[in-house]
Amino acid sequence: MEPWEMHAWHADWLEACNSHDLERIRGFLDPGVRRAHLPGGAAAWVGDLAELFHGFPDWQWKRIQLVAEDDRIAAHLRGGGTHVGEFRGIAATRRRVNVAEFSMLRIRGGRIVEATGTEPLELLSQLR
């Protein structure tokens, strides 16, 4: 894809994520997607997002910056929401969190095949 196509692809990906549409999100993921330091596969990724959306039903991301080159996307995002459900064993705190996130995605055939990014340490520290 051309860089402008990658930017448009990422906007569609982000809209699917911000609408919390897990089936639409699954359509952006290769079934065998590899994630650094996390379980691989689309089912694991969707499961992690389902857990996030349960804990933060108003969670939204905003794109700060995006760089696209060849088959890769580097994105700087801000994510945030209100902790009203259990998340990673932490009972609802009603705290509003706002975190910086960075991700590197490799895209093939319009699907994410590899991903790496920031760990949720900043998010978890805001809940404790």
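This is a conversation between a biologist and a modeller about reading a predicted protein model.

Biologist: Let's begin with the overall layout. How many helices and strands does the protein have?

Modeller: Keep in mind that the model is predicted. The protein has four helices and five strands. Starting at the N terminus, the elements follow the order α-α-β-α-β-β-β-β-α.

Biologist: How do I read the radius of gyration of the protein?

Modeller: Set it beside the value that the globule rule gives for the chain length. Here the radius of gyration is 14 Å, close to the 14 Å that the rule gives for 128 residues, so the protein is as compact as a globular protein of that length. The C-alpha trace spans about 45 × 25 × 25 Å along its principal axes.

Biologist: And what share of the contacts joins residues 24 or more positions apart?

Modeller: Of the contacts with a separation of 6 or more, 57% are between residues 24 or more positions apart.

Biologist: Now the sheet. In which order do its strands stand?

Modeller: Read across the sheet rather than along the chain. The order is β1-β5-β4-β3-β2, in an open sheet of five strands with mixed pairing. β1 and β2 each have a single partner strand and stand at the edges, so one side of each has no neighbour in the sheet. From one strand to the next, the twist averages 25°.

Biologist: Could we look at one pair of strands? In which sense do β3 and β4 pair?

Modeller: They pair in the antiparallel sense, over eleven bridges. To find your place in the structure, look for Ala74, which stands opposite Met104 in β4.

Biologist: Which strands does α1 lie across?

Modeller: α1 lies across β1, β2, β3, β4 and β5, and runs at about 160° to β2. α3 also lies across β1, β2, β3, β4 and β5, running at about 80° to β1.

Biologist: Next, the inside. How many residues are in the largest nonpolar core?

Modeller: That core has 35 residues, and those with the most contacts inside it are Trp13 and Ile112. Elements giving it two or more residues include α1 (3-18), α3 (42-55) and β5 (111-117). For the protein as a whole, buried residues make up 38% of the 128 residues.

Biologist: What is Ile112 in contact with?

Modeller: Setting aside neighbours within four places in sequence, its contacts include Trp9, Trp13, Phe28, Val33, Trp45 and Leu105.

Biologist: Let me try a residue of my own, Leu66 in strand β2. Is Leu66 buried or exposed?

Modeller: The test is relative accessible area, and buried means under 20%. Leu66 has 10%, so it is buried. Not counting residues up to four places away in sequence, Leu66 touches His7, His10, Ile73, Ala74 and Ala75. Ala74 is the residue you met opposite Met104.

Biologist: Last, the backbone. What should I look for in phi?

Modeller: Most residues other than glycine have a negative phi. That makes a positive value a useful thing to look for. His20 has a positive phi of about 60° although it is not a glycine, and it is found in the loop between α1 and α2 (22-27).

Biologist: Where is Arg88 placed?

Modeller: Arg88 is in the loop between β3 and β4. Its phi is also positive, near 50°, in a residue other than glycine. With 39% relative accessibility, Arg88 counts as partly exposed.

Key
Residues are numbered from 1 along each chain as its sequence is written. This is a predicted model: local features need pLDDT of at least 70, side-chain atom pairs count only at pLDDT 80 or more; totals for chains, interfaces and linings use all residues. Side-chain values use heavy atoms; hydrogens and water are left out. A nonpolar core is a set of buried Ala, Val, Leu, Ile, Met, Phe, Trp, Tyr and Cys residues joined through side-chain atoms within 4.5 Å. Buried means under 20% relative accessible area, exposed over 50%, partly exposed in between (1.4 Å probe, protein chains only). Contact means heavy atoms within 4.5 Å. Two strands pair if DSSP finds at least two bridges between them. Axes are lines fitted to C-alpha atoms, for helices over the stretch in contact, and angles run from 0 to 180 degrees between N-to-C directions. The radius of gyration is taken over C-alpha atoms; the globule rule is 2.2 Å times the number of residues to the power 0.38.
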